[in-house]
Amino acid sequence: MRVDAVYENAHLITGESALAVLNGRVVALGEDAEGLSARRRVDLGGAYVVPGFHDAHNHMAWFGMGLDDVPLSDCRSVEEVYDAVARRAAGLPAGSWVIGSGYDQNKLAGGHPNRHGLDRAAPGMLVRLKHTSGHMTVVNSAVLDQLDLANVPVGGDVVLDPAGSPTGLLREQAQLLLRLLTYPTPVESVVRGLDRAGQQYLSEGITSVQEAGIGGGLVGETPAELAAYQLARSRGVLRVRSTVMVAASVLHDLPDGAGFGLDLGLRTGLGDDWLRVGPMKLFADGSLVGRTCAMHEPFAGADSAAGAASGGGSAAGAAAGAGSAVGESQNRGYFQVPEDELARTIRLAHDAGWQIATHAIGDRAVTVVLDAYEAALAASPRADHRHRIEHCAVLQPAELTRLASLGLIASPQGRFVNELGDGMRAALGEHRVPWCYRLRSVLDAGVVLPASSDRPVVNGAPLLGLADMVRRRTSSGAPFSPEEAITPAEALRAYTYGSAYATFAEDRLGTLEPGKLADFAVLSGNPLDESGMDDLRVLATAIDGELRYEAS
């Protein structure tokens, strides 16, 4: 047999030294591969080869389009934020949008930016700054004056200062007020974002992603978002395999008893190895570092969720139990949709055959989502449903047992511990940190663990995520529930096989073995050696056995 390529002089993670590819699939390993005739042979110089990394929860279009935003993640004071906005505004015509992203009030002296500071920084401009979590936005007065603040959507709030005036901070569903000014994103902009993101992903060894929400809701860019993915593919700029989660808000009851779904009866599973429709994506609650997720008990300490820069105040228009932000926190966060509606949507989607991925971060949200899944499964049992809880951030021991017994998948983000860990600790208090972003306990409960980044919320490079899953330290160096650390081998399996399993793709992705797709990353060192994790680099990335990236 003559194959397309043999990659040799390698260290495969399974122990073999070579890999043969034919028609985009692995056909032989080790000595079997070395002995084959090949159209080309590639000497990997003793480098390590692992299955391509698979990010089970990311926002590729958001990340790619955001590369043009004013970067705010390195700012350490609110004045630095204002300075960055002023520098960008100085080069733009009057009336232009100035859009920034990545700020975290937990890392800023002065807390959240506010509209008054943005007015001073960019007079005559329209300013919008996106929180790193994506769950809140700050706008200036010129934008605020165009919003219908009398009709704040359920599941969100507009934050007020002590005098009862809006600070400019819009939380959760209140961000939808901006839609009249910014939505929909042009399809061509989405395609360009996918292209730019994909180039970055290939340089990091990523070969597959799951896009956590398209078509509507907080994270959707346009009702034609799937068309943007198809267009990107037809142009050859959809650079990594993509499974898209469809926003629950665009699903509806179909005629003739066809169930709950998209027009033409479309649901989970449609597509091919490059572009597939995945789960329905549903938001239960909000953000932990933003203190909007639904908790059983109040957040720790003084509640800064409404914005330290405004000096506190109350949250206007809040839905489903948002707390006030005065003195000691009584804020328990809130749901983005009423609990009965959440349960109804899960039941309808389950009955219609969808895989379901529900965002739940607070422990109360996790409880309510587990209740909804349990009720749906009891009413309509379904084997191997692989329903998911995205983030599943604050997971109490009893709820972990229930999650495992229901056959659910928890989809946490290892990198959060590093970049957001200090803010999460401040929000939770020490007694709840052991429940936060659990890994070891999930594996020990027998649950298949995927790995993901939620990019651009944090840096999505998988090599960083792997190290954080093993080390469990915050950016300040503090240990963060180190008992939840896992081994390098377990972390690598999560970022490959676990993520493939989470989207029903483990039969063709996630491991390098004959018959599977030849997607792999070539690394400078051994990813199973914890001592060398900081020095690892991606040397090359292959999809379908073809090198799509080579380091210079």
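**View 1. An open sheet of five strands in a predicted model.** The structure shown here and in the other views is a predicted model. Its open sheet runs in the order β2-β6-β23-β24-β25, with mixed pairing. The edge strands are β2 (11-12) and β25 (546-550). Each of these edge strands pairs on one side only. Inside the order, β23 (residues 520-523) meets β24 (residues 538-543). Their pairing is antiparallel and spans four bridges. L523 stands opposite V538 of β24. Strands of a sheet pair through backbone hydrogen bonds, either parallel or antiparallel.

**View 2. Helix α11 and its two sides.** Helix α11 covers residues 397-405. E399, L400, R402 and L403 are its buried residues. They lie on the same side of α11, because they cover an arc of only 165° around the axis. The other side of α11 carries A398, T401 and S405, which are exposed. An α-helix has 3.6 residues a turn, so residues three or four places apart point the same way. The cover over the buried residues of α11 includes two helices, α10 (363-379) and α14 (440-444). It also includes the strands β21 (388-391) and β22 (409-411). Just after α11, G407 adopts a positive phi of about 70°.

**View 3. H391 in strand β21.** Strand β21, part of the cover over α11, contains H391. H391 has a relative accessible area of 2%, so it counts as buried. Neighbours within four places in sequence are left aside in the contact list of H391. Two other histidines, H57 and H359, are in contact with H391. A360 and I361 are also in contact with it. Further contacts of H391 are S411, P412, Q413 and F416. Y437 and D454 complete the list for H391.

**View 4. The largest nonpolar core.** This core has 81 residues. Those with the most contacts inside it are F53, M60, Y229, M280, W354, I389 and M469. Helix α10 gives the largest share of this core, nine residues. In soluble globular proteins, nonpolar side chains tend to be buried together.

**View 5. Y229 and its contacts.** Y229 is among the residues with the most contacts inside the largest nonpolar core. Neighbours of Y229 within four places in sequence are again left aside. Y229 is then in contact with M60, A61, L194, E211 and I214. L238, S242, V244 and L275 are its other contacts. A second, separate core of 22 residues includes V78, A122, V138 and V159.

**View 6. The largest pocket.** The largest pocket holds about 1000 Å³ of space. Its lining has 48 residues. Of these, W62, M65, R128, K130 and E221 are closest to the pocket centre. Three helices, α2 (60-66), α6 (179-182) and α7 (187-203), each supply at least two residues of the lining. So do three strands, β9 (97-103), β10 (126-131) and β18 (275-283).

**View 7. The largest cavity.** Two cavities of 30 Å³ or more are found in the whole structure. The largest cavity has a volume of about 90 Å³. It is lined by 15 residues. R241, T243, D273, R276 and L509 are the closest of them to its centre. β14 (206-214), β15 (241-247) and β18 each supply at least two residues of the lining of the largest cavity. The largest share, three residues, comes from β15.

Conventions:
Residues are numbered from 1 along each chain as its sequence is written. This is a predicted model: local features need pLDDT of at least 70, side-chain atom pairs count only at pLDDT 80 or more; totals for chains, interfaces and linings use all residues. Side-chain values use heavy atoms; hydrogens and water are left out. Buried means under 20% relative accessible area, exposed over 50%, partly exposed in between (1.4 Å probe, protein chains only). The arc is that of the directions from the helix axis to the C-beta atoms. Contact means heavy atoms within 4.5 Å. A nonpolar core is a set of buried Ala, Val, Leu, Ile, Met, Phe, Trp, Tyr and Cys residues joined through side-chain atoms within 4.5 Å. Two strands pair if DSSP finds at least two bridges between them. On a 1 Å grid over the protein atoms alone, a cavity is a set of points where a 1.4 Å probe fits but cannot get out, and a pocket is an open set with protein on both sides within 12 Å along at least five of seven lines; lining residues have an atom within 4 Å of a point. Grid points are joined across faces, edges and corners, and a volume is the space filled by probe spheres set on the points.
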